[in-house]
Amino acid sequence: MHPDTLPGFNRRGFLKLGLVGSGLLLGAGLLGSLHGCATHQPKTASSQPMKVLREKDAVILSAIAPVVLKGNFPTEPAARQQALDRFLTDIDELLAHTSEYAHGELAKMFDLLYLMPTRGLMTGIWSDWQDASEEDIDAFLVDWRDSSFNLFRMGYAQLSQLTCLVYYSAPENWTAEMYPGPPQHIPG
Amino acid sequence: MSNIIIKDIPDIIRQGLASGWKTHNGATLEQDLTLACDVVIIGTGAGGGTTAEILTQMGLSVIMVEEGPLRSSSDFDMQEKRAYSDLYQEGLTRATSDGAFTIMQGRAVGGTTVVNWTSSFRTPPQTLRYWTETHGLKGFTEAEMAPWFDKMERRLNVEKWAIPPNANNSILSEGCEKLGLHWAVIPRNVKGCWNLGYCGTGCPTNAKQSMLVTTIPAALNGGAQLVYRARAEKLLIENEQVKGVLCHAIADDAVHKTGKKIRIQARHTVMACGGINGPALLLRSDAPDPHDRIGKRTFLHPVPGTLAEFGHKIEGYYGAPQSIYSDEFQWKDGVTGPMGFKIEVPPMQPGFVATIGMGHGQPHSDQINRLPYLNMMLALLRDGFHDESEGGSVSLRSDGLPKLDYPINDYLRDGVRRALHHMAEIQFAAGALKVRPIHAVGQYNSTLADVKKQIDELDLEVNRMRIGSAHVMGGCAMGEDVKTAVVDSNGKFHHLEGLHILDGSIFPTSIGANPQLSIYGMVSRAATRLGEQLKA
């Protein structure tokens with residue numbers, strides 16, 4: 001049965017999250033371990049291994065970041081890939097300086113966002129992340145933003161804020177109209 | 001890029017190291033380290049730096065301990081990308097447990113003074129009176145504190161900013177002027193400031209008189225030692241006497257323990273590690289707490305904000321970040337009435353504005369693309385002066401590191417809503433084309449009436465509104481009553497010998513102003529007394 005026809009789902013197939021949904025998010029760690037988390041480390045453009053992000057985390061972020069940054073994220077394929085590689089390297093570097101606890105919490109969230117059926121139930125995205133449409137990802141972000149459950153609103157804030165912090169702190173992403181950059185610094 | 005070039009700045013840290021300062025970098029330790037001294041000071045921010053200089057000058061042997069890295073003007077390249085992960089607690093991702101607050105706190109030798117925006121206010125007389133009358137503090141009258149503020153103002157070159165404010169700050173003075181509201185110039189702790197605007201990423205010219213370039217070099221020149229990349233794990237407690245501290249060496253990522261340990265034995269221990277890490281250290285150490293006061297009443301100066309777009313360039317990323325403030329709404333409803341607040345503006349670098357601004361997608365991108373035309377206004381809400389403002393509480397996470405719970409209630413929401421109203425009004429009075437409350441679904445309105453209506457209808461639930469904090473205070477409150485306080489009016493821990501806490505964590509409420517000078521003044525007096533006792 002297609003999720004649209006199941007009771008409790010809205011037209012996008014997003015479970016109107018109640019205790020079940022937030023319980024899923026809380027229980028993410030257990031679920032992740034039952035399914036055997038992928039531990040394969042993705043590589044950056046410079047083929048350095050990532051410090052914190054796992055391959056599935058990179059897949060999810062690669063789908064979400066261009067939607068969060070819509071309008072400013074490059075659309076031409078080569079430029080887009082380059083921007084994505086840089087973004088993943090930069091967010092990995094920032095996360096590497098947070099805490100082991102934060103690494104664990106993020107991994108739990110990404111586990112849920114990666115696996116089925118939790119991904120579909122929590123986000124309304126039933127396809128693989130690589131195949132999800134921009135509209136579906138935007139709808140998921142809006143659902144989390146406007147959720148009556150703080151866990152989802154917190155997830156939205158974390159995903160959108162981390163993405164913006166990393167992207168707009170990188171000099172490559174400034175345009176002359178947005179920010180001319182700091183003075184030139186020649187270390188003493 | 002700005003056409004200013006910063007070069008040939010003498011690097012006083014590297015010069016000091018070359019001159020033979022005694023320092024130990026935990027990240028590169030090859031074996032465990034044991035040190036001994038008269039006084040170990042845990043934390044090198046406003047409290048720790050001030051204490052280190054005073055005690056060293058009194059002839060005591062001092063060791064300073066810092067979790068973060070030792071950086072200097074050569075490292076401070078004004079890039080947010082590097083500064084946030086390197087110089088801020090948890091790489092700028094520190095938050096309250098429900099995610100409601102983003103907490104900006106420094107993590108480097110010099111603590112938050114390395115990255116603060118230099119605003120230097122004496123503790124308001126209303127706050128001092130409230131502490132004296134309600135919390136029973138001794139020695140905190142305005143007259144008793146004045147000489148200590150005066151001393152630290154001279155030490156750190158605190159003066160009202162004499163250069164015209166940047167356009168971002170001018171919006172606050174112009175708007176207030178049009179509306180007949182109070183505004184004034186902010187005193188700053190700078191010497192030879194270049195008016196660049198990058199206080200928040202570490203001062204590249206050494207103009208900011210942070211602990212990193214003042215008291216800490218003075219202490220090191222006087223023979224004190226510095227251990228950095230070292231996280232205080234537990235106080236060494238024997239027979240109700242604190243005998244020093246055990247630390248874990250921390251790797252260069254600021255996260256992982258290297259496995260090496262640093263044991264520092266001391267006649268006396270001073271904690272100056274802030275309102276979150278400090279209570280956590282006491283909890284990890286099983287310090288006696290018969291009345292369950294450790295980590296309670298942690299205050300944050302909750303900060304809501306509004307964004308405004310103007311028809312002319314403001315370029316709020318350049319120029320002294322904070323030079324104008326308004327106290328119009330700070331005390332007018334009484335010290336203990338509805339929550340009062342101070343209005344200021346922040347620096348407008350893109351990573352900070354994009355993140356704090358909330359939102360995603362095309363509207364968010366459209367907003368950040370107008371960055372040169374944007375003004376942000378902030379209100380620092382004065383928490384802790386009312387029965388319904390008990391602040392937060394610190395406990396330990398599963399990994400032994402601190403967690404802060406700070407419940408949001410209607411008393412606070414009322415303050416947030418009033419602050420949003422007044423800030424929007426000031427921005428429109430200064431000529432804003434449109435104003436937007438910072439909120440997950442906050443929209444721009446082009447009239448004051450419309451934005452006020454929007455603000456009235458906003459759902460101020462956690463993680464819908466965005467609240468920030470750059471001021472962590474309390475958690476180890478001062479007071480003479482052991483049932484309600486952790487330390488006495490001089491910062492001595494009530495339930496153990498050999499331990500003082502000398503930093504913003506001992507404030508019994510928030511301040512009602514950016515807290516650094518409150519810490520300097522209070523700590524300079526308490527550290528002087530402690531030194532006299534230890535020398536006796």
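**A tour from the chain contact to a sheet in chain B**

Start with β1(A) and strand β1 of chain B, residues 5-6: these run parallel and are joined by two bridges. The model is a predicted one. Within this pair, select A:His185; its bridge partner in β1(B) is B:Ile6.

Next, widen the selection to the whole contact, which takes 43 residues from chain A and 52 residues from chain B. On the chain A side, the elements that each supply at least two residues are α3 (55-68), α4 (77-96), α5 (100-114), α7 (134-145), α8 (150-168) and β1 (184-185). Colour α8(A) separately: with nine residues, α8(A) gives the largest share of the side of chain A that touches chain B. Colouring that side by class shows 22 nonpolar, 13 polar and eight charged residues.

Now move to chain B and select β16, β17, β14 and β20. In that order, the four strands form an open sheet with antiparallel pairing. At its edges stand β16 (341-344) and β20 (434-437) of chain B; each has a single partner strand, so one side of each is left without a neighbour in the sheet. From one strand to the next, the twist averages 20°.

Inside this sheet, pick β14 (residues 305-309) and β17 (residues 374-381) of chain B, an antiparallel pair with five bridges. To find a matched position, select B:Thr306, which stands opposite B:Met377 in β17(B).

Last, show helix α11 of chain B, residues 410-429. Helix α11 lies across β14, β16, β17 and β20 of chain B, and its direction is at about 145° to β17(B).

Terms used. Residues numbered from 1 in each chain as written. Chains lettered and ligands numbered in written order. Predicted model: local features only at pLDDT ≥ 70, side-chain atom pairs only at ≥ 80, totals over all residues. Pairing = 2+ DSSP bridges. Axes fitted to C-alpha atoms, helices over the stretch in contact; angles between N-to-C directions. Contact = placed C-beta atoms within 7 Å. Nonpolar A, V, L, I, M, F, W, Y, C, P; charged D, E, K, R; others polar.
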